[in-house]
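Work through the exercises below with the sequence and the model open. Try each task before reading its solution.

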Amino acid sequence: MKNIFRHKFTKVLLSVSLLMAFGCQRDISELETAEYPKNPEVFMDAFSSGLNYSAFGGSDVKAFDVDTQVKYSGTTSMKFAVPDYGSPEGAYAGGSFYTSVGRDLSDYNALTFWIKATQAANIDIIGFGNDLGENKYQVSLSALSVNTNWKKVIIPIPDPSKLKMEKGMFFYSEGPENNKGYTFWVDEVKFEKLGTISYQSASILNGSNKTITSFVGVNNKIDGLTASYSMPNGATQAVNLTPYYFNFKTSNAAVASVDQLGNVSTVGSGSSVITATLGSNTATGSLTINSSGNFVHAPVPTQTANNVISIFSDKYTNVPVDYYNGYWAPYQTTQSADFTVNNDHVLNYTNFNFVGIQMTSPTVNASSMSHLRMDMYLPNAVAAGSSFTIKVADFGADGVYGGTDDKTGQYTVNTASLQSQSWISLNIPITAITGLTTKAHIGQIIFEGANISNFYADNIYFYNDGSIIPATPTAAAPLPTHAAASVLSVFSDAYTNVAGTDFNPNWGQSTQVSQTPIAGNNTLKYAGLNYQGTQFASPLNASSYGFIHIDYYTANSTNLKFYLISPGPVETPYTLSVPSGIGINTNGWKSVDIPLSSFSPVVLSNIIQFKVDGNGDIFFDNIYFHN
């Protein structure tokens, strides 16, 4: 794998100070424009005057050296040692040769140099205009092929008149080839005026005429900027260049504006076409903005964050996602034109046939989730025979695609359920995703369409509607709100409990009793319940209270009763609904306030024991009497 350099952009501000002598004035027309050196040489047998070198961040800082043994001409050349993959010295070789004072290169039309390598290779990027600052007039070649023979490279200057004070003389970035490092040399680096190259064409958006649906507040970027030239050998040479070489134009500024960097802002409703020129030449390619006016946002999700695993949503924290569009060539045609409106990020899939979202670091464990949710918007009319299919792939215990334990299921939305110009909220029970028999290692969500060319997507996440309850609560029971002075507490961290209570008397039960912290809150757990008692050190007088409060949690109980017991014994059960279920703010805990009258004829002034019977694993907290 190759590595492309990254660098920071900073702005260089130049100013001219006019000094005036006391009692003397000078006509401004007499002031001469500052002149910059026109030295075309970068590296001949040494650095040219004022030339500096700086390695890019993350590169091998020792990759560049001067070589006296291998050279094209003269006594020395520039030598670049590309490191092996995983080298502790750096991930790649890359850096910029720049001057502290700009040069006037407007008399030249190309950067030329000679290059050879120890092997056949393709250099990631090489060119000029990188000054470790704004890099306004950067030009480069991508994947420059080299071999063991010296060859001359010509990089045309798209508009020499722009280079009046250029500092970026030469730059490169190259990673290992097939994970192995190698060496290449560059010599005789200089700017020239060549009469043997000629302009052919320029393009934006790689020459395509692109049309998008937009909204007020959506920003787009004009990219795919290239220019092509005829070389002395008759071949065509394409170069990458920055937007500063182009002049961008909008056909309707009331709909869309465009700045000198090719940043397009939709400002109104209607249509506008963005085009560009390179010097006096019209560039091929255009961007047509069809604005529908103000954007209608997707519905704001209402599920609580604790019940959600989010793939894409501004409402929640998203899990790590490898990509939202892997572009699986050669069959996929879907492109991404994602946008942001008022800090709302929206996925936008164009030229849609199918597209995949992948999560592998790690995969998603949706075992405790009941539904897959997504909001989709069709900006175009729904054609006859349209359908939208969602596929979910579980990678199995090995966590990788293509293993023997992969499971994939799908759910299809037919034409009748699709509508245009409106958000559609899909709440899909995972059990309705046919074929998805496991959901502990979900690695992909795939969208496929028939007769759907474009759609927006937002709020893609798994959630639990309460029908799936984890075996153990992940959050503490709700914090009690009753005043301590009005409570007689048996078990709660929120209050002072009655002293001396035995929570596990030996009644011959098989229930396993323990006290365990849940989110830092002490919780009573009954595992494998058949029946279980609670013995008080002395009888409780609850006759002045109207209710007993209990918080309980169970994922697997189908039968659960709670008893108050007075001497005799006199005992009366109260049936608790199970499983406990997930409420809006309770995270699986169910809170009940049982009228003490429900336990008649138990003597409320002389309660000696509690009892619970049923089955499953039960968690209890906040057991207290109150009014």
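**Exercise 1.** How many bridges join strand E24 to strand E26, and in which sense do the two run?

Solution. The model is predicted: local features need pLDDT of at least 70, side-chain atom pairs count only at pLDDT 80 or more, and totals for chains, interfaces and linings use all residues. Residues are numbered from 1 along each chain as its sequence is written, and side-chain values use heavy atoms, with hydrogens and water left out.

Step 1. Locate the strands (DSSP runs of at least two residues, numbered from the N terminus): E24 covers residues 335-336, and E26 covers residues 344-350.

Step 2. Count the bridges. E24 and E26 are joined by 2 bridges and run antiparallel; strands pair if DSSP finds at least two bridges between them.

Step 3. Find a facing pair: Gln 335 lies opposite Thr 350 of E26.

**Exercise 2.** Find what else pairs with E26, and decide whether this strand is enclosed.

Solution. Step 1. Strand E25 (residues 339-341) is antiparallel to E26, with 3 bridges. Thr 340 has His 345 in E26 as its bridge partner.

Step 2. Look at the hairpin of E25 and E26: 2 residues lie between the strands, and Asn 342 has a positive phi near 50°.

Step 3. Strand E33 (residues 454-463) is also antiparallel to E26, through 4 bridges. Here Tyr 349 faces Phe 455 of E33.

Step 4. Check burial (under 20% relative accessible area, with a 1.4 Å probe and protein chains only). In E26, 6 of the 7 residues are buried, so the strand is largely enclosed by the rest of the structure.

**Exercise 3.** Describe the open sheet that contains E14, E19 and E18.

Solution. Step 1. Its 3 strands follow the order E14-E19-E18, with antiparallel pairing.

Step 2. E14 (219-221) and E18 (256-258) are the edge strands, each pairing on one side only.

Step 3. Neighbouring strands are turned by 20° against each other on average, direction ignored; the axes are lines fitted to C-alpha atoms, and angles run from 0 to 180 degrees between N-to-C directions.

Step 4. E14 pairs with E19 (residues 263-266) over 3 bridges, and Asn 220 stands opposite Val 264.

**Exercise 4.** Which side chain makes a polar contact with that of Asp 621?

Solution. Step 1. Asp 621 belongs to strand E43 (residues 618-626).

Step 2. The partner is the side chain of Asn 521, at 2.3 Å. A polar contact is a pair of N or O atoms within 3.5 Å; within protein, one must be able to donate a hydrogen and the other to accept it, and residues adjacent in sequence count only if both atoms are side-chain atoms.

Technical notes. Buried means under 20% relative accessible area, exposed over 50%, partly exposed in between (1.4 Å probe, protein chains only).
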